[in-house]
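I opened a new notebook page for this fold. My plan was to look up how its helices and strands are arranged.

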Amino acid sequence: MSAGGTEGLQDRARGLDTMVSGDVLALLSGGQQEAARAVDAARDDIAAASALATHAVSSGHKLVYAGAGSSGLMAMADALELPGTFGIERRQIAILFAGGTANMTEMPGGPEDDVQQGRVDAEAVITAGDCVVIISASGSTPYALAVAEVAREKGARVVGIANNASAKLFAISDVAVLLNTPPEFVSGSTRMGAGTAQKIALNMFSTLMAIRLGHVHDGYMVNLRADNKKLVARAARIVAGITGVETEEAGRLVERASGSVKVAILLAKGAGDKKSAEDMLAQSGQNVRRALALIGG
């Protein structure tokens, strides 16, 4: 594995084990905040990566996340939240995690070196037109590199996210996102600063994608999947907040819309019926703002 920045020793960590708890925590907190600030330098690349994902999903292809260890967990967290939060079809989201996702009670390190399994996993999931997001703090994890190579062979687009400028992953990525985080206060423990930066970058990447897909309107998640009481209530508040109708009426409109927040918004704004609202959304590319303009017109 590369002995780059993620394996370096943090100068301020000298004597860490002799410090009082408050001083240790102050250093750890500062390290997390410094790592978070490193994401700002990657904004343009995150935007380019998000554009690839937007194109893939809007074209009916998949968004595939891949990684090992802590980086894989960051990838998995982002992937699992997309259907519920933004209504992305589950069939369009895939996760490749070194060692498999079936048993998460422990996370052995061996599977991240398994090149053959990386190729097998990728061959089973990735197809032409997909966007494959590969996260590796070092940028040299064998499993991750194997997935990237298969993705290129299949005609998918590859987004590489790593925390080392010399990452091998970048050489086989269509978009390279460098999160240039400082050495960890526990050397090599990339679940800390590197993982924090990865999580922030992934939040930005997928939220921008959802905005471009038309699933966010004025800061509201208008394509959420309301599958529990909390989210049903949230759906009603979203409709009320956007349209100005009372929350109780908004709840009734959500029911009329079979749970679709977007359709309920259009009904509140004057769409004749559910079918008319659905047609407007189809005509507007599922974008609420453009669909509302059709009603206004």
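I began with helix 7 (residues 229-243) and helix 8 (residues 247-256), whose axes come within 8 Å and cross at roughly 110°. This is a predicted model, where local features need pLDDT of at least 70, side-chain atom pairs count only at pLDDT 80 or more, and totals for chains, interfaces and linings use all residues. Residues are numbered from 1 along each chain as its sequence is written, and side-chain values use heavy atoms, without hydrogens and water.

I noted the terms. Helices (H or I, at least four residues) and strands (E, at least two) are DSSP runs numbered from the N terminus. Axes are lines fitted to C-alpha atoms, for helices over the stretch in contact, with angles from 0 to 180 degrees between N-to-C directions.

Helix 7 and helix 8 are therefore roughly perpendicular (65 to 115 degrees). Which residues meet there? I found Ala235, Ala236, Val239 and Ala240 in helix 7 against Thr247, Ala250, Gly251 and Val254 in helix 8 (contact means heavy atoms within 4.5 Å).

Next I turned to the sheet. It is open, with 5 strands in the order 2-1-3-4-5 and parallel pairing (two strands pair if DSSP finds at least two bridges between them). Strand 2 (93-97) and strand 5 (175-178) are at the edges with a single partner strand each, so one side of each lacks a neighbour in the sheet.

I checked one pair. Strand 1 (residues 63-67) and strand 3 (residues 131-136) are parallel over 5 bridges. Leu63 has Cys131 in strand 3 as its bridge partner.

Last, I looked at helix 4 (residues 115-125), which lies across strand 1 and strand 2 and runs at about 170° to strand 2.

Technical notes. Angles under 35 degrees count as roughly parallel, over 145 as roughly antiparallel, 65 to 115 as roughly perpendicular and the rest as oblique.
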